[in-house]
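Biologist: Hello! Could you walk me through this protein chain, one question at a time?

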Amino acid sequence: LNEHTQIRAGPVVMVPYSKHHVLRYHEWMKSPELQELTASEPLSLDEEYAMQRSWREDVDKLTFILLDSTKLPAGPISVEDEVAAMIGDVNIFLNDPDDQHAGELEIMIAEAGARGGGRGTVALQAMMQYAHTRLGLTRFIAKIGYDNAPSHHVFTRLGFLTVSRSDIFREETLELAWAAPAWPAVEESAYALPAGADA
C-alpha cells in the first residue's frame with residue numbers, strides 16, 4: 001500500500017519498512033520494555049524478515065519506519081544514514097470487516113532519546129492524513145494497555161476518546177472520527193531506496 005511512498009512531517013521522515021531496517025528493528029524488539037508496551041512476542045531474525053515482507057506485501061496493513069530528520073544528511077542518503085536515523089514505527093491495520101473506512105493505529109518510539117519531543121504525535125497525524133487521503137479512512141482506533149501511559153497521553157491529546165475497556169486484556173479501546181483537523185501539512189513524495197539497499 002505504501003512501498004513507494006515517503007512522508008516528511010516536521011522532525012520526522014516516514015519511509016516504507018525495508019530489508020535494511022530489519023536488523024535494527026530486531027534489536028529493538030529484544031527489549032522487554034518494548035515487548036510489554038507493544039504487547040509483542042520476540043521473533044527470530046528469520047521471522048522478522050518474514051514479517052517485513054508481510055508488512056510490505058499485505059493489503060490489509062501498512063507501516064512506516066520513523067526517521068529523525070535531524071540525523072539525515074542534506075545530500076544523498078546511504079543505508080547507514082537511514083538506519084542510524086531510525087527511531088520507531090507507525091502502523092495501521094485494516095481489520096474491521098464491517099467498516100472499510102476504519103483503521104487501527106499503533107505507534108512505537110523505540111529510541112528513548114526520541115521520546116517526549118512530539119515526534120509520536122507528528123507521526124500519528126501524518127499517518128492519519130495519509131490514510132484518510134489515500135485509503136479513505138474516516139474512523140481511527142487505538143488499543144492501549146493500561147500501563148502504557150505515554151501512548152494514552154499521545155492519543156488523547158490528538159482527540160481520541162475511550163469507548164471501551166477490557167480488564168481481561170488490561171487494555172482500553174479509543175476512537176477518533178475524522179473531522180478535517182487543522183494539523184500541519186505533510187509532504188508526500190516518492191521513496192527511493194538508499195544505494196545498495198534491497199526492498
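**A walk through the model**

Modeller: Gladly! One place to begin is D58, in the loop that runs between α3 (45–57) and β3 (61–68). Please keep in mind that this is a predicted model.

Biologist: Thanks! Is D58 buried, partly exposed or exposed?

Modeller: Let's compare its relative accessible area with the cut-offs. Buried means under 20% and exposed means over 50%, with partly exposed in between. The value for D58 is 27%, so this residue is partly exposed.

Biologist: How far apart in space are the C-alpha atoms of D58 and E80?

Modeller: Along the chain, D58 and E80 are 22 residues apart. In space, the separation between their C-alpha atoms is 27 Å.

Biologist: Let's step back to the whole chain. How many helices and strands are there?

Modeller: The protein chain has both kinds of element, and D58 sits in a loop between one of each, α3 and β3. The full count is 6 helices and 9 strands.

Biologist: How compact is the chain for its length?

Modeller: Here we set the radius of gyration beside a rule for globules. For 199 residues the globule rule gives 16 Å, and the radius of gyration of the protein chain, 16 Å, is close to that. The chain is therefore as compact as a globular protein of that length.

Biologist: Which share of its residues counts as buried?

Modeller: A residue needs a relative accessible area under 20% to be called buried. Among the 199 residues of the protein chain, the buried share is 45%.

Biologist: Which helix gives the most residues to the largest nonpolar core?

Modeller: In soluble globular proteins, nonpolar side chains tend to be buried together. The largest such core here has 33 residues, and M14, L66, L105, L124, M128 and F160 have the most contacts inside it. The helix giving the most to this core, with 8 residues, is α5 (residues 119–135).

Biologist: Which residues does L124 touch, if we skip those up to four places away in sequence?

Modeller: L124 is one of the residues with the most contacts inside the largest core. Beyond four places in sequence, L124 touches V90, L105, I107, V154, F155 and L158.

Biologist: How many residues does the second core have?

Modeller: This core is separate from the largest one, and includes Y17, W28, I65 and M108. Its size is 18 residues.

Biologist: Back to helix α5, where Q125 is found. Is Q125 buried or exposed?

Modeller: The cut-off for buried is under 20% relative accessible area. Q125 has 12%, so it is buried.

Biologist: Which residues is Q125 in contact with, leaving aside neighbours within four places in sequence?

Modeller: Distance in sequence and distance in space can be read side by side here: Q125 and P181 are 56 residues apart in sequence and 9.3 Å apart in space, C-alpha to C-alpha. The residues in contact with Q125 are L158, W183 and P184.

Biologist: Now for E175. How far is E175 from P194 in space, C-alpha to C-alpha?

Modeller: E175 is found in strand β8, and its contacts beyond four places in sequence include R139, F140 and F160. P194 lies 19 residues away from E175 in sequence. In space, C-alpha to C-alpha, the two are apart by 36 Å.

Biologist: And R8, which residues does it touch beyond four places in sequence?

Modeller: R8 is found in strand β1 (residues 5–9). At 35% relative accessibility, R8 counts as partly exposed. Its partners are V13, S69, V186 and E187.

Biologist: What is the phi of R170?

Modeller: R170 is in the loop between β7 (161–166) and β8 (171–177), and is partly exposed at 42% relative accessibility. Its phi is positive, in a residue other than glycine, with a value near 55°.

Biologist: One last thing: how far apart are the centres of the positive and negative side chains?

Modeller: The protein chain has 16 positive and 30 negative side chains. Taking the centre of each set, the distance between the two is 4 Å.

Definitions and conventions. Residues are numbered from 1 along each chain as its sequence is written. This is a predicted model: local features need pLDDT of at least 70, side-chain atom pairs count only at pLDDT 80 or more; totals for chains, interfaces and linings use all residues. Side-chain values use heavy atoms; hydrogens and water are left out. Helices (H or I, at least four residues) and strands (E, at least two) are DSSP runs, numbered from the N terminus. The radius of gyration is taken over C-alpha atoms; the globule rule is 2.2 Å times the number of residues to the power 0.38. Buried means under 20% relative accessible area, exposed over 50%, partly exposed in between (1.4 Å probe, protein chains only). Lys and Arg count as positive and Asp and Glu as negative; His and the chain ends are not counted. The place of a charge is taken as NZ of Lys, CZ of Arg, CG of Asp or CD of Glu. A nonpolar core is a set of buried Ala, Val, Leu, Ile, Met, Phe, Trp, Tyr and Cys residues joined through side-chain atoms within 4.5 Å. Contact means heavy atoms within 4.5 Å.
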